[in-house]
Amino acid sequence: MTTLTGPDSRVELRRWLPSYLALAVIWGTSFLFIKVGVRELHPLWLTFGRVAAGVLILLVVLAVTRDRLPRDLRLWGHLMVVALLGVVLPFTLFGYGEQRVSSVLAGIWNAATPLVALPLAVLLFRTERMSARKAAGIGVGFAGVLVVLGVWRGLGGAQFTGQLMCFGAAMCYAVAIPYQKKFIAGRAGSGVSMAAAQLIAALAQLTLAAPLLAGAPPNPADLSGQVLLCVLALGSLGTGIAFVLNFRVIRVAGVSTSTSVTYLMPVVATVVGVLVLGEHLHWNQPVGALIVLIGVAVSQGLLRPPRR
């Protein structure tokens with residue numbers, strides 16, 4: 001029997017905690033890689049390179065584990081939708097956004113995803129039920145969004161546009177999550193197989209969209225080594241290996257533990273953005289981020305008085 005303090009619990013912790021912390025670091029530093037990548041690459045081509053590298057990694061994982069891609073055509077149709085909403089649009093919007101705002105702010109906006117996902121899951125997909133606690137969490141989180149925006153200083157300009165793009169990326173994730181829960185979760189196939197199929201669908205969409213909207217593909221020889229490394233890191237780590245780690249955390253520790261990595265990502269994004277890129281913080285940004293995270297915690301039932 002596993003206890004809270006006994007040796008069994010420590011063994012269980014060692015099984016998932018390293019993967020969990022690695023996820024926070026990989027996904028938290030992704031915003032730094034995006035910031036560097038868009039210095040020389042169009043956001044769509046950055047997304048294309050990232051997804052292509054992720055596809056290669058996951059196909060290797062499928063080959064090693066002797067797994068296979070889904071064969072249900074209807075499932076592939078749903079995966080095309082999730083690929084657009086959960087990969088192509090948010091990855092590209094974060095790229096556009098980080099042309100105008102810091103990687104720190106992009107990481108903070110990503111943390112707002114659960115606040116948007118909840119009302120959509122309740123009203124549109126009907127996969128969740130609203131309660132007073134969840135409504136209160138959404139209200140607190142929305143107040144945090146206003147603090148991050150610094151509404152008392154007035155809104156407008158390139159930075160405000162960039163923040164809206166990052167918030168739009170979070171909204172894309174918020175639609176993709178309940179859609180995936182309703183139409184894909186529970187289908188036959190491993191998590192790695194579903195992720196590989198989703199990235200393949202995204203790569204097909206980008207193959208059509210990138211040349212039309214962003215022009216001819218860049219010549220890799222014209223890119224700096226720093227940018228090439230960032231693209232490879234985004235694809236192999238943030239889009240490939242990270243999913244394998246996330247699948248392990250879900251299997252060992254559960255979905256709620258996996259989703260709580262959202263709390264650590266903005267912390268990692270802030271640390272690396274300030275230390276590596278020399279980005280500056282206004283007081284309202286970390287304060288607003290903390291309020292957003294409190295709202296998320298309230299809406300998910302993590303902050304409530306213990307029962308007697």
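Val-55 lies in helix α2, which covers residues 43-65. In this predicted model, Val-55 has a relative accessibility of 8% and therefore counts as buried, since buried means under 20% relative accessible area. Leaving aside residues up to four places away in sequence, Val-55 touches Leu-199, Ile-200 and Leu-203. Val-55 also illustrates a long-range relation: Ala-195 is 140 residues apart from Val-55 in sequence, yet their C-alpha atoms are 8.9 Å apart in space.

A contrasting case is found in helix α11, which spans residues 265-275 and contains Leu-275. The table sets the two residues side by side.

| Residue | Helix | Relative accessibility | Class |
|---|---|---|---|
| Val-55 | α2 (residues 43-65) | 8% | buried |
| Leu-275 | α11 (residues 265-275) | 68% | exposed |

Leu-275 counts as exposed because its relative accessibility is 68%, and exposed means over 50%. Together with Val-267, Val-271, Val-274, Val-276 and Leu-281, Leu-275 makes a nonpolar surface patch of about 520 Å².

Helix α12 comprises 16 residues, 284-299. At 1.5 Å a residue, α12 should span 22 Å, and its end C-alpha atoms are 22 Å apart, so the two values agree. The buried residues of α12 include Asn-284, Gln-285, Gly-288, Ala-289, Val-292 and Leu-293; also among them are Gly-295, Val-296, Ala-297, Val-298 and Ser-299. The cover over these buried residues includes α4 (103-110), α5 (113-125), α6 (132-149) and α11. After α12 comes Gly-301, whose phi is positive, near 80°.

How values were computed
Residues numbered from 1 in each chain as written. Predicted model: local features only at pLDDT ≥ 70, side-chain atom pairs only at ≥ 80, totals over all residues. Heavy atoms only, no water. Patch = residues over 30% accessible without salt bridge, like charges linked within 9 Å, V, L, I, M, F, W, Y side chains within 5 Å. Areas by Shrake-Rupley, 256 points an atom, 1.4 Å probe, with all protein chains shown as cover. Salt bridge = Lys/Arg side-chain N within 4 Å of Asp/Glu carboxyl O. Helix = DSSP H or I, 4+ residues; strand = E, 2+ residues; numbered from the N terminus. Buried < 20%, exposed > 50% of the residue type's maximum accessible area, 1.4 Å probe, protein only. Expected span 1.5 Å × (residues − 1). Contact = heavy atoms within 4.5 Å.
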